[in-house]
Amino acid sequence: MEYFLSEEQKTLKSLARRIAEERILPVRAELDEKEAFPWEIIRDLANADMFRVFIPVEYEGLGGGCLDLCLVVEELSRVCSGVAVSYAASALGGFALLEYGSEEQKKKYLPDIAAGKKLTAFALTESTAGSDASAIKTTAEKVSGGYLLNGTKQFVTNGGEAELYTVIALTDKEKGARGASAFIVEKDTPGFTFGKKEKKMGIRASSTRELVFKNCLIPEGNLIGKEGLGFIMTMRILDRSRPGIAAQAVGLAQGALEAAVEYAKQRIQFGHPIFAQPVVQNMLADMAIQVEAARALTYATARMIDSGVRHFTEESAMVKVFASDVAMKVTTDAVQIFGGAGYMKDYPVEKMMRDAKITQIYEGTNQVLRSAIAFELRKRKATRE
Ligand SMILES: Cc1cc2nc3c(=O)[nH]c(=O)nc-3n(C[C@H](O)[C@H](O)[C@H](O)COP(=O)(O)OP(=O)(O)OC[C@H]3O[C@@H](n4cnc5c(N)ncnc54)[C@H](O)[C@@H]3O)c2cc1C
């Protein structure tokens, strides 16, 4: 499919592909096996200006939009989704500053994020607040000299590795979600430590960790935007970042499709390549159709966001749900086409299938997002232009 990418976007996509094939491919199985954070590759991505993509030019970025970020994430994920999410989570962690930060905060933090010197993370989830994010209990009490943070965040991508954390905490416990605020917290702040590092099914190169705040005093200037707007900001930030999860899913599915096609061409059974079997051909054709449809929806949604429209909650939920379901189906079918070999770690498809599962869970589970889409449908008038 021709997506009419600009010359800059084509260059960006092919650079990301080259890094993925030259630097990630040789080590992806080892990173997965050892659950090793890909610091060397993060440095390669920084040297190739990949962290500048999502930062505005005035803060030493390249001024790219949602589509540019999706192109990079897709290409990295085609080879290793664990590396891709470590990169993408740094964009997610920076979105609050980008969208709602003061000029002073932007000047202070964004150039280092753009240079890839500081990774970021986004911390919302807690043990009692997952899908129901409004149930968070972490507090940020206003005291003389700033805010005192207390509480524990869980499942934070880039936890322990990032230098900068966007943390959502309650500045007014009585008001619940309407009393939540967003803060930027630096790694070495006294009272901020790291808890359990999760051992995961997939995306094992990425770090997923608990953040523990015990009387952690942060300066008043680290409040992002205004008190009480943290939850609304979070919803807007996730709307903006969900196409990135879709891009991760598209990359994963593309990688699995390519591996399955190659295997089907060379695996001989009953005297012929299994590709000759109509059942296998049908599976591969369906996989290709689904990957292309997911890519088309991802690029269209990203372009819509880049056009500056104000409301894209529904579209962003739709693309995340659709592409992640495609990734799960296509990677599962890829394992099936490999037969017994697909179940073994000698081939990449078992990793891709494990990696795909998370795309249906994080940044809003697909059930919760389907409910959100249905909610919008109920509100909508009978016809739509
Ligand atoms: C690897 C990984 C990385 C993550 N990274 C981050 C991160 O960087 N930052 C961060 O803040 N969080 C992160 N998360 C958290 C993630 O966003 C949550 O796990 C996710 O939102 C689901 O919450 P939960 O796990 O508490 O599941 P629960 O909310 O307990 O859901 C359990 C089940 O109930 C269903 N369910 C719950 N409520 C409803 C409902 N209203 N309607 C229909 N079904 C419902 C869910 O769909 C799910 O199937 C990460 C999680 C993982 C696993």
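Helices and strands here are DSSP runs, numbered from the N terminus. The model is predicted.

**Strands 2, 3 and 7**

Strand 2 and strand 3 form a hairpin, with 2 residues between them. Gly145 sits in the turn and has a positive phi of about 95 degrees. The two strands run antiparallel, strand 2 covering residues 139–143 and strand 3 residues 146–157. Within this pairing, Lys142 has Tyr147 of strand 3 as its bridge partner. Ala140 stands opposite Leu149, also in strand 3.

Strand 3 has a further antiparallel neighbour, strand 7, which spans residues 208–218. Here Lys153 is bridged to Leu211 of strand 7. The table sets out the two pairings.

| Strand pair | Direction | Bridges |
|---|---|---|
| Strand 2 and strand 3 | antiparallel | 5 bridges |
| Strand 3 and strand 7 | antiparallel | 8 bridges |

**Helices 4 and 5**

Two packed helices are described by the angle between their axes and the distance between the axes. Helix 4 spans residues 66–79 and helix 5 residues 81–100. Their axes lie 6 Å apart, at an angle of about 155 degrees. Angles over 145 degrees count as roughly antiparallel, and helix 4 and helix 5 are therefore roughly antiparallel to each other.

Which residues of helix 4 meet helix 5? They are Leu69, Val72, Val73, Leu76, Ser77 and Val79. On the helix 5 side, the contact is made by Ser81, Ala84, Tyr87, Ala88, Ala91 and Phe95. By class, this contact has 10 nonpolar and 2 polar residues, with no charged ones.

**The cavity**

Rolling a probe the size of a water molecule over the atoms shows where empty space is left. The count comes to 1 cavity of 30 Å³ or more. The largest cavity holds about 30 Å³ of space.

Ser77 and Val79, seen above in the contact with helix 5, also line this cavity. So does Ser81, which meets helix 4 from the helix 5 side. Arg78 and Cys80 are in the lining too. The other lining residues are Arg28, Leu252, Pro348, Lys351, Met352 and Asp355. Helix 4 and helix 10 (349–359) each supply at least two residues of this lining. By class, the lining divides into 5 nonpolar, 2 polar and 4 charged residues.

**The second largest pocket**

How much space lies in the second largest pocket? The volume is about 240 Å³. The pocket is lined by 15 residues. Phe54, Gly64, Gly65, Leu98 and Arg240 lie nearest its centre. Helix 4 and helix 5 each supply at least two residues of the lining. Helix 5 gives the most, with 3 residues. By class, the pocket lining has 8 nonpolar, 3 polar and 4 charged residues.

Helix 4 thus links these topics: helix 4 packs against helix 5, and helix 4 contributes to the lining of the largest cavity and of the second largest pocket.

Key: Residues numbered from 1 in each chain as written. Predicted model: local features only at pLDDT ≥ 70, side-chain atom pairs only at ≥ 80, totals over all residues. Heavy atoms only, no water. Pairing = 2+ DSSP bridges. Helix = DSSP H or I, 4+ residues; strand = E, 2+ residues; numbered from the N terminus. Axes fitted to C-alpha atoms, helices over the stretch in contact; angles between N-to-C directions. Parallel < 35°, antiparallel > 145°, perpendicular 65-115°, else oblique. Contact = heavy atoms within 4.5 Å. Nonpolar A, V, L, I, M, F, W, Y, C, P; charged D, E, K, R; others polar. 1 Å grid on protein atoms, 1.4 Å probe; cavity = no way out; pocket = protein on both sides within 12 Å on 5 of 7 lines; lining within 4 Å. Points joined across faces, edges and corners; volume = space filled by probe spheres on them.
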